[in-house]
Amino acid sequence: MKIAFDNSYAALPAQMFTPQLPTPVAAPAVFARNEALAAVLGIDLHAPDAAQVFAGNHIPAGASPIATVYAGHQFGHWNPQLGDGRAILLGEVVGSDGIRRDIQLKGAGPTPYSRSGDGRAWLGPVMREYLVSEAMFALGVPTTRALAAVTTGEDVYRETRLPGAVITRVAQSHIRVGTFQFFAARKDLDALRALTDHVIARHYPQADGLAALLDAVIARYAHLIARWMGLGFVHGVMNTDNVSIAGETIDYGPCAFVDDFEHGAVFSAIDQQGRYAYGNQPQIGAWNMAQFATALIPLMGDRDQAVKDFTAAVHGFAPIYAHAWLQVFAAKLGISDPTPEDAALVTDLLNLMAKDGADFTATFTALATDQARDQFLDRDAFDIWAARWKPRQAGNAAAIMAQANPQIIPRNHQVEAAIQAGVAGDFAPFQALLAAVTQPYAPLTEATAPYARPPMQSERVTRTFCGT
Ligand code: AMP
Ligand code: MG
């Protein structure tokens, strides 16, 4: 396989990563290929050695495989050293669209940062990441992508024996808030400066200094979380090591989309306090940006002034988010010129949905029909709300709403069913679900309609387990 690598991260100071080859696996087989993304990257997914390459058995010419180091706050607790424990960055490719992207194998074997882990992934989380990241892309949300996925022919051991897999993840970069935190905590100013220069050149070329970089990262992250909220998406592990500096959704572990809406929706089995519940995501977003700001302080000459300025910048997160959130939800209601009063309209609808356990996705798509009230137990309350809403709709409300309200999101019970079939060797449900979730705004067809249906009580999946 020929890949036109052009590696810039591997040319940064040596303390920022460790050269690391993937550990070969027994019998790789490709089960998913992303042809559209491959075309942008100029990669032939049908090369004879494709399975070997996407398993890490064969390193294509020009790759410079490394594991990157980072730190992070995990559930609020500082961890001074994390790093790519099971991911290996092969290198970077500048696509036909001019965008530079990382090509990374996740589940490719141990690295110096594996701690007690085995460096592997099992098939379930690989399938989940593939489905959800590609759905997010189709939904128009900034995200890492999935280029290919293979089964390894080897088992991994979690609570039980499970089939191993490797996903090839593509991202604008894998630089995280935690990458900055690692070097700031060690007072390694050379690396911190090199990292900052790299990030500005690569992701924020308009930023003319650290303050501008901070503002730009805050703005992207606030918009990203507003998009999540508008889809009922719960990331599940918003640790600072899972916050992409490029503003992409990254690290699809125990993530899920809410079915019956509740503000406090939590899916991750390890998030017992609900730190990363649906409704907490904006506050955690601001908290994560405070950690980023803190990591930049050592580079600033006048520390006290920098603390003051950066604190003000972090306080800017909330109004930027609030504005973005209102834009997102106004579009979902077919409102083109939202006013502050429309924020109350949105909140009141969400509260009605929460009170009645209305399905998030189905309620918003039903608003385009005359059946929305059927989503509610308290139909009178909905009618009263709708009487306030109707006059606020734009002339082209139907068109605005059709682009803002997906028919299909990767519902948790469907993802779980696809995983169970995949584990049994049948990838047809995965392929059918992938096809449906990557056309989220298209009118439903006979083939896709089942994926729009909310789970029945007996089908509901309310817990997800971490991607490890
Ligand atoms: P995550 O929760 O996926 O963001 O992972 C947190 C940290 O644990 C990262 O540094 C991962 O690289 C590492 N990690 C997760 N799973 C494994 C594994 N199976 N083997 C080695 N490291 C892992
Ligand atoms: Mg992570």
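Setting aside neighbours within four places in sequence, Ile-335 touches Ala-330, Asp-342, Leu-345, Trp-389 and Arg-392. That is the picture in this predicted model, where Ile-335 sits in the loop that runs between helix 9 (317-332) and helix 10 (340-356). Loop or not, Ile-335 is buried, its relative accessible area being just 3%. Phe-17 is 318 residues away from Ile-335 along the chain, and the two C-alpha atoms are 48 Å apart.

One of the contacts of Ile-335, Trp-389, also belongs to a ring pair. The centres of the Trp-385 and Trp-389 rings are 5.3 Å apart and the planes meet at 25°, so this pair counts as stacked. Both tryptophans belong to helix 12 (residues 379-389), and because they are four residues apart there, about one helical turn separates them. Trp-385 and Trp-389 are both buried.

That stacked pair has company, as a search of the whole structure turns up 22 aromatic pairs. Another of them brings together Trp-228 and Phe-233: with ring centres 5.5 Å apart and planes at 65°, the arrangement is edge-to-face. Trp-228 and Phe-233 are buried as well. Elsewhere, ring pairs tie Phe-261, Tyr-278, Trp-325, Phe-329, Phe-360 and Phe-364 together into a cluster. A charge comes in on one member of this cluster, with Lys-332 lying over the face of Phe-364 at 4.6 Å from the ring centre. Tyr-70 has a similar visitor in Arg-176, which lies over the ring face at 4.2 Å from its centre.

Several of these aromatics come up again in the nonpolar interior. The largest nonpolar core counts 98 residues, and those with the most contacts inside it are Met-136, Phe-180, Phe-329, Leu-333, Leu-367 and Trp-385. Helix 6 (residues 210-231) is the top contributor to this core, supplying 13 residues. Domain 1 (9-171) and domain 2 (326-404) each put at least three residues into this core. These are the two domains given by the domain assignment of the protein, and their centres, taken over C-alpha atoms, are 39 Å apart.

Met-136 makes a good entry point to the big core. Leaving out neighbours within four places in sequence, Met-136 is in contact with Val-141, Thr-143, Trp-228, Leu-231, Phe-233, Thr-249, Tyr-252 and Phe-257. Both partners of the edge-to-face pair, Trp-228 and Phe-233, are therefore among the contacts of Met-136. Apart from the largest core lies another one, made of 28 residues, including Met-127, Leu-162, Leu-433 and Ala-452.

Now for the polar side of things. Asn-242, through OD1, and Asp-251, through OD, coordinate the magnesium ion (ligand 2) at 1.9 to 2.1 Å. Asn-242 counts as buried because its relative accessibility is 9%, and Asp-251, at a relative accessible area of 16%, is buried too.

A further buried asparagine, Asn-34, has a relative accessible area of 8%. Asn-34 is found in the loop between strand 2 (29-33) and helix 1 (35-41). Beyond its neighbours within four places in sequence, Asn-34 is in contact with Leu-45, Tyr-130, Glu-134, Arg-145, Ala-146 and Leu-147.

Definitions and conventions
Residues numbered from 1 in each chain as written. Chains lettered and ligands numbered in written order. Predicted model: local features only at pLDDT ≥ 70, side-chain atom pairs only at ≥ 80, totals over all residues. Heavy atoms only, no water. Core = buried A, V, L, I, M, F, W, Y, C linked by side-chain atoms within 4.5 Å. Buried < 20%, exposed > 50% of the residue type's maximum accessible area, 1.4 Å probe, protein only. Helix = DSSP H or I, 4+ residues; strand = E, 2+ residues; numbered from the N terminus. Domains from an automatic or database assignment. Contact = heavy atoms within 4.5 Å. Phe/Tyr/Trp six-rings, centres within 6.5 Å; stacked < 30°, edge-to-face > 60°. Lys NZ or Arg CZ within 6 Å of the ring centre and 35° of its normal. Donors = N, O, S within 2.8 Å, 3.2 Å for Na, K, Ca; no water.
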